[in-house]
Amino acid sequence: MTTSTRLRPAEVKDLPFIFSKELEYMETIEPDEVPGWMSAIEVNLADWIDYLPNTLVCVDEDGQPLGYAMWAVEGESATLVSIHVSDSHRRHGLGRLLLAAFEQETSQRGARVAKLGVHRNNQARLLYEDATYEITGQDGDYVLFSKALGEF
């Protein structure tokens, strides 16, 4: 992992970064879905605003965002809504750092299981498998994963 990085709670000023990375994901992994995604951009923005209290941003020593993780907690279940690391900082352990922080934060809030869905063409599947998430099903083009959370 890059030693000059840290995690901080997301702020409103992070929304342009989140938008740009979500769009980058859509254009790269699900290009056929971009028009529909863009037509629902107000809904997406409202969701990102709602998730800000449940979003961590990884920043460099200058405070520039490198990645983020956002989630929702409902009862004893936490769902990873989105996780993204900028291309230039992938393979440095930031995805693992963000995933571990998601697990820790949600476990401390009472979640006992973490869930997520990942597009079948997304290489992030390897991150989840390496972090001992188990495949629990499929929803269209998405592979569903879950993991029991321990005490942190």
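Helices (H or I, at least four residues) and strands (E, at least two) are DSSP runs, numbered from the N terminus. This is a predicted model, with local features needing pLDDT of at least 70 and side-chain atom pairs counted only at pLDDT 80 or more, while totals for chains, interfaces and linings use all residues. Residues are numbered from 1 along each chain as its sequence is written, and side-chain values use heavy atoms, with hydrogens and water left out.

**View 1. Thr 132 sits in the loop between H5 and strand S6 (134-139).** Thr 132 isn't a glycine, yet its phi is positive, at about 65 degrees. Most residues other than glycine have a negative phi. Thr 132 is also exposed, with a relative accessible area of 51% (exposed means over 50%, buried under 20%, partly exposed in between; 1.4 Å probe, protein chains only).

**View 2. The largest nonpolar core has 26 residues.** A core here is a set of buried Ala, Val, Leu, Ile, Met, Phe, Trp, Tyr and Cys residues joined through side-chain atoms within 4.5 Å. Leu 80, Leu 99, Phe 102, Tyr 128 and Tyr 133 touch the most other members. Elements that each supply at least two residues of this core include strand S3 (65-74), strand S4 (77-85), helix H4 (94-108) and helix H5 (125-130). H4 chips in the largest share, five residues.

**View 3. Here's who Phe 102 touches.** Leaving aside residues up to four places away in sequence, the list is Trp 71, Ala 78, Thr 79, Leu 80, Ala 114 and Tyr 133. Contact means heavy atoms within 4.5 Å. A second, separate core of 17 residues includes Phe 17, Ile 29, Ile 41 and Val 59.

**View 4. Helix H3 (41-51) has a buried side and an exposed one.** Ile 41, Asn 44 and Trp 48 are buried. They cover an arc of only 60 degrees around the axis (taken from the directions from the helix axis to the C-beta atoms), so they end up on the same side of H3. On the other side, Glu 42, Val 43 and Asp 50 are exposed. The cover over the buried residues of H3 includes H1, helix H2 (34-39) and S3.
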